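Here are my notes, written to be read with the model open beside you. They go point by point, so dip in wherever you like.

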Amino acid sequence: MSGGKKRNWWRVLGYGLAVFAGLIAVLWAVFATPDIPVTTLKAKYANTASQFVELSPGTTIHVRDEGPRDGFPVVLVHGSNASLHTWEPWVARLTAKGYRIISLDLPAHGLSGPTPEGLYTSAAYVGIVEKLVDKLGLTRFALGGNSMGGGVAWRYAVAHPDRLSALILVDASGQPMPKGSSPPLGFRLARVPVARDILATVTPRSLIEKSFQQSVSNQAIATPAMVDRYWELLLYPGNRRATVQRFGQYSGDDGAAAKLPGLTVPTLILWGREDKLIPVSVAQWFNSQIKGSRVTILDGIGHIPMEEAPDRSLAPVLELLSATQTPSQSA
């Protein structure tokens with residue numbers, strides 16, 4: 001190729017790249033979803049029970065501590081891209097029965113913003129639970145978690161079995177990925193610079209609506225208000241970029257699951273049979289790993305039993321709490 005042709009080729013290539021970059025910029029400007037101001041989100045999604053607790057410099061999380069203070073404490077941890085609001089149906093029923101319920105928004109979720117360290121691994125979230133229960137002065141309590149929050153809950157149980165009276169795993173994450181397998185697409189995209197920026201800024205409501213509808217079997221709960229809640233809280237300033245960081249920090253197996261066979265905390269494994277995100281087979285895996293655990297499978301229910309079927313999903317939880325808590329036990 002002659003020198004003139006080479007220059008022309010590079011000129012065409014440069015022009016093409018410039019056009020492509022310009023097109024991406026235009027699409028970005030059209031479809032980018034702006035953050036929602038913190039004051040607006042707090043006005044809509046905080047309530048009289050909401051507290052904003054500083055756990056360390058720069059790390060303040062949204063917490064609700066509800067029910068009688070002398071009631072037996074139950075700490076509840078939500079799943080990925082959810083918030084403490086997911087537990088509201090259970091909270092109303094448990095506090096009515098005299099339990100003290102502590103729910104929290106993990107960093108980069110709900111009304112809790114990102115952390116200065118930018119760490120959003122399961123181990124980092126276990127550290128958040130540790131700091132919170134210590135700050136609240138809880139010495140003995142039950143701990144429950146859904147999905148990613150279930151993974152946080154059992155990791156806390158492995159580290160602090162002496163603190164727990166009971167463990168409740170609701171469609172929990174944690175079964176290690178087979179060796180050599182590839183992480184889910186979203187986690188892989190989070191490691192690609194351009195894709196990472198798009199994921200952190202382009203968040204159409206329709207995407208959240210479709211994702212939520214695919215997560216649940218009981219479609220009646222996929223109301224506009226419910227979809228708005230999941231979508232709008234994702235638009236808390238900094239939370240989307242932190243979510244992409246979290247995806248990028250995903251390892252597939254942090255080695256913690258190897259300690260599950262030594263766990264002796266009374267454990268309920270609660271699962272929706274129609275869970276499309278974490279299949280019901282994982283419930284049996286947890287049951288095989290945790291000695292003496294009990295399993296309840298809910299027919300016709302998907303990934304979020306506490307929102308899809310509050311009474312049905314809570315019934316076995318109440319049985320576990322009744323069996324593992326004596327009247328003298330308190331925080």
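1. A quick word on terms before we start: a residue is called buried when its relative accessible area is under 20%. Keep that cut-off in mind for strand E6 (residues 164–170), which is mostly covered, with 7 of its 7 residues buried. And do remember that this is a predicted model.

2. Now the overall picture. The protein has 331 residues, and 47% of them are buried. Its secondary structure comes to 13 helices and 8 strands. Among contacts with a separation of 6 or more, 74% are between residues 24 or more positions apart. The exposed area is about 15100 Å², with carbon and sulfur atoms supplying 59% of that.

3. Back to E6 and its partner. Strand E5 (residues 141–146) runs parallel to E6, and the two pair over 6 bridges. If you want a spot to click on, Gly 145 has Leu 169 in E6 as its bridge partner.

4. Strands E1 and E2 are a different story, so have a look at them next. E1 (50–56) pairs with E2 (residues 59–66) in the antiparallel sense, over 6 bridges. The two form a hairpin with 2 residues between them, and Gly 58 in the turn has a positive phi of about 90 degrees. For a bridge to check by eye, try Val 53, whose partner in E2 is Ile 61.

5. While you are on that hairpin, is Gln 51 buried, partly exposed or exposed? This residue of strand E1 has a relative accessible area of 32%, so Gln 51 counts as partly exposed. Leaving out residues up to four places away in sequence, Gln 51 touches Ile 61, His 62, Val 63 and Asp 65. Arg 64 is 13 residues from Gln 51 in sequence, yet their C-alpha atoms are 6.0 Å apart in space.

6. The second largest pocket also draws on E1. Its volume is about 170 Å³. Which elements each supply at least two residues of its lining? They are strand E1 and helix H4 (122–136), and H4 gives the most, with 5 residues. The full lining is Leu 55, Ser 56, Thr 59, Pro 107, Thr 115, Glu 117, Leu 119, Ala 124, Tyr 125, Gly 127, Ile 128 and Lys 131. Sorted by class, that lining has 6 nonpolar, 4 polar and 2 charged residues.

7. On to internal space. How many cavities of 30 Å³ or more turn up in a search of the whole structure? The search finds 1. The largest cavity has a volume of about 60 Å³. Its lining is made up of Asn 81, Ala 82, Ser 83, Ala 108, His 109, Gly 110, Arg 229, Tyr 230, Leu 233, Leu 234 and Asn 239. Helix H9 (residues 224–234) contributes the largest share of that lining, 4 residues. By class, the count is 5 nonpolar, 5 polar and 1 charged.

8. Asn 239, which lines the largest cavity, is also one of the buried residues of helix H10. Why call H10 (residues 239–248) largely enclosed by the rest of the structure? Because 7 of its 10 residues are buried. Besides Asn 239, the buried set holds Arg 240, Ala 242, Thr 243, Val 244, Arg 246 and Phe 247. Note that two arginines, Arg 240 and Arg 246, are in that set.

9. Thr 296 is worth a click as well. It belongs to strand E8 (residues 294–298) and is partly exposed, since its relative accessible area is 23%. Not counting neighbours within four places in sequence, Thr 296 is in contact with Leu 268, Ile 269, Leu 270, Trp 271 and Pro 316. Of these, Trp 271 is 25 residues away in sequence, and the C-alpha atoms of Thr 296 and Trp 271 are 6.4 Å apart.

10. Last one: Ser 211, in helix H8 (residues 205–215). With a relative accessible area of 38%, Ser 211 is partly exposed. Val 227 lies 16 residues from Ser 211 in sequence, and the C-alpha to C-alpha distance between the two is 9.6 Å.

Terms used. Residues numbered from 1 in each chain as written. Predicted model: local features only at pLDDT ≥ 70, side-chain atom pairs only at ≥ 80, totals over all residues. Heavy atoms only, no water. 1 Å grid on protein atoms, 1.4 Å probe; cavity = no way out; pocket = protein on both sides within 12 Å on 5 of 7 lines; lining within 4 Å. Points joined across faces, edges and corners; volume = space filled by probe spheres on them. Nonpolar A, V, L, I, M, F, W, Y, C, P; charged D, E, K, R; others polar. Buried < 20%, exposed > 50% of the residue type's maximum accessible area, 1.4 Å probe, protein only. Pairing = 2+ DSSP bridges. Contact = heavy atoms within 4.5 Å. Areas by Shrake-Rupley, 256 points an atom, 1.4 Å probe, with all protein chains shown as cover.
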